[in-house]
Amino acid sequence: MGDELYQDRYYQDKHYPDKFYPRYHYRPEKNWMNDPNGLIYVDGWYHMFYQYNPGGDVWGDIHWGHAKSRDLLHWEECPIALGPSYEEGELHCYSGCAAVRDNQVYLFYTSVGQGERGPEDGAQQWCAVCDGDMNHWKKIGKPALPNELRGDIRMWRDPFIWKEDEYFMLLSGTLEKRGCIGLYKSQNLREWSFCSILYTSQEYELLECPNMLKFGEKYVILYAPLEGTRYCIGELKKDTWEFVVEQEGVFDYSVGKRGFYAPNTYLTDPEGRYLTMGCLFEWDRMSCTYHRGWAGMQSLPREVFLEEDGLHIRLAKECRKLRKKILYQGLDQIPHTSGDKVSEEGGQEQWLAACLQGEICCRVRLQENGRFGIKMFASWDGAEYTELIIDHTVHKILLDRSRSTQDVNVGTEQIEVKIPKGGCDYHIDIVLDHSSVEIFINERYVISARVFPDYVFGGIAVSEYPERGAVEGFIVYGLAL
């Protein structure tokens with residue numbers, strides 16, 4: 001293997017806080033970030049606001065950070081948009097959305113304090129507007145919705161607004177120990193009324209960050225129930241404000257808040273797409289005692305669309321621009337790995353490529369009893385790796401992180417996805433960025449996770465399994481901004 005294989009191995013880490021810092025996923029230079037907020041396209045710019053602690057790398061003192069981009073890839077960090085109004089008892093600016101009326105941008109968010117203003121029963125929905133430059137914001141609604149509209153909902157939070165003949169808002173929380181989403185409406189973004197409890201979960205006690213996407217006569221609700229991110233497809237009956245659920249599913253398979261979480265969607269994309277982003281959290285290594293200086297990153301943008309067979313999710317086409325070089329390309333005769341230890345002089349491990357910031361694209365035809373796997377983020381000797389496995393013998397897709405690191409303080413829980421029985425063709429797209437992996441399979445199964453490998457070799461290989469199926473294409477791209 002030539003030097004090209006190791007192009008990421010010798011990255012100048014002095015330019016980054018540590019080896020896990022992302023190279024092309026957005027995050028501010030330092031400190032804590034979580035949920036994306038207020039995703040909006042205005043005057044040629046994609047704006048992203050986000051939960052941010054300007055004073056440290058742990059959650060606390062939550063502000064709204066702000067960044068903007070022309071292409072969803074290259075982001076400019078902007079001045080902080082919102083900070084708590086401490087003098088009025090506000091301690092945190094929780095998640096929310098952006099909306100436009102008469103060429104003026106409104107930010108709606110959940111305001112919380114402590115005691116009677118705490119998040120359980122004292123949360124309020126506040127609003128701010130800008131003077132036109134998207135950098136200076138004035139709070140005009142404190143609160144923007146009458147508190148009585150909360151009714152008996154606890155943990156009332158995370159406004160999301162979309163527009164039809166009038167403006168509609170979703171707010172989530174807990175009602176009678178069940179997660180719920182309330183629907184509200186307004187003609188002018190200033191006077192709001194309650195429509196209905198639109199959705200109630202039979203499984204989760206708290207729902208967060210609801211989004212509403214409209215596809216013709218069908219609607220899709222995205223929400224985060226502290227366990228991955230889910231969706232439901234249905235019809236909104238506007239005479240009764242009832243949402244009739246027709247199908248439910250998982251938007252992203254993560255380990256709670258340890259992978260993709262808290263979705264927010266661009267509703268004003270100039271191409272008419274729905275582009276959704278979420279936070280890739282740091283929780284799997286928060287128990288580590290070493291200094292980080294940063295925590296959290298935003299996912300890459302995902303295009304969400306509805307077909308007759310259900311919801312589809314894929315990387316936004318802009319992400320292809322990250323492909324700078326083909327590190328490996330093969331068709332049928334793909335070398336594979338046995339997992340046995342080898343030396344640099346050769347052996348049973350056959351690494352197709354090595355990179356810490358790359359994309360793996362392949363097609364595989366798997367029979368009913370087949371099993372196919374891809375190892376990534378591997379050490380040279382094969383002792384450390386993260387493995388994606390499609391296993392028809394147990395009808396599951398697995399992301400095995402059990403050997404992803406040798407640090408005992410890092411979470412390594414396996415992620416499992418149930419799949420139907422029978423043979424199938426799979427199109428797999430995997431994006432790697434030093435400590436994150438985002439996996440898209442057939443535009444139907446999406447898995448996101450953080451991994452923290454000790455070694456920086458970053459080996460990639462096809463696993464050796466009986467009946468591993470026919471690999472019809474396998475490409476590894478090196479990615480960079």
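Two residues are taken to be in contact when heavy atoms of theirs lie within 4.5 Å. With this meaning in place, the predicted model can be described from its overall form down to a single side chain.

The protein contains zero helices and 35 strands. Its radius of gyration is 23 Å, close to the 23 Å that the globule rule gives for 481 residues, and the protein is therefore as compact as a globular protein of that length. Along the principal axes, the C-alpha trace spans about 70 × 50 × 40 Å. Of the 481 residues, 62% count as buried, while the protein exposes about 19400 Å², of which carbon and sulfur atoms supply 44%. Among contacts between residues at least 6 apart in sequence, 58% join residues that are at least 24 apart.

The strands can be followed sheet by sheet. In general, strands of a sheet pair through backbone hydrogen bonds, either parallel or antiparallel. One open sheet has five strands in the order S4-S3-S2-S1-S19, and its pairing is mixed. Strand S4 (75-77) and strand S19 (294-295) stand at the edges of this sheet, and because each has a single partner strand, one side of each is left without a neighbour in the sheet. Within the sheet, strand S2 (residues 45-53) and strand S3 (residues 63-69) run antiparallel and are joined by seven bridges, with Tyr 50 standing opposite Gly 65 in S3.

Another open sheet consists of four strands in the order S5-S6-S7-S8, with antiparallel pairing. Here the edges are occupied by strand S5 (92-101) and strand S8 (137-141), each of which has a single partner strand, so that one side of each is left without a neighbour in the sheet. On average, neighbouring strands of this sheet are turned by 30 degrees against each other, direction ignored. Strand S6 (residues 104-112) and strand S7 (residues 124-130) run antiparallel and are connected by six bridges, and Ser 111 stands opposite Gln 124 in S7.

Strand S6 also holds Phe 108, a residue that illustrates the surroundings of one side chain. Phe 108 has a relative accessible area of 0%, and because buried means under 20%, Phe 108 is classed as buried. Leaving aside neighbours within four places in sequence, Phe 108 is in contact with Trp 64, Gly 96, Cys 97, Trp 126, Cys 127, Ala 144, Pro 159, Ile 161, Met 169, Leu 189 and Trp 192. Thr 265 is 157 residues away from Phe 108 along the chain, and the C-alpha atoms of these two residues are separated by 14 Å.

Further along the chain, strand S21 (residues 302-307) is paired with strand S18 (residues 274-280), to which three bridges join it in an antiparallel arrangement, and Thr 276 stands opposite Arg 302 in S21. Six bridges also join S21 to strand S22 (residues 310-315), again with the two strands running antiparallel. A hairpin leads from S21 to S22 through two residues, and the bridge partner of Glu 307 in S22 is Gly 310.

Buried nonpolar residues are gathered into cores. The largest nonpolar core has 40 residues, and those with the most contacts inside it are Ile 428, Ile 430 and Phe 474. Apart from this core lies another, of 34 residues, among them Cys 288, Val 304, Tyr 477 and Leu 479.

How values were computed: Residues are numbered from 1 along each chain as its sequence is written. This is a predicted model: local features need pLDDT of at least 70, side-chain atom pairs count only at pLDDT 80 or more; totals for chains, interfaces and linings use all residues. Side-chain values use heavy atoms; hydrogens and water are left out. Two strands pair if DSSP finds at least two bridges between them. Axes are lines fitted to C-alpha atoms, for helices over the stretch in contact, and angles run from 0 to 180 degrees between N-to-C directions. A nonpolar core is a set of buried Ala, Val, Leu, Ile, Met, Phe, Trp, Tyr and Cys residues joined through side-chain atoms within 4.5 Å. Buried means under 20% relative accessible area, exposed over 50%, partly exposed in between (1.4 Å probe, protein chains only). The radius of gyration is taken over C-alpha atoms; the globule rule is 2.2 Å times the number of residues to the power 0.38. Accessible areas come from the Shrake-Rupley method with a 1.4 Å probe; for residues, only the protein chains shown count as cover.
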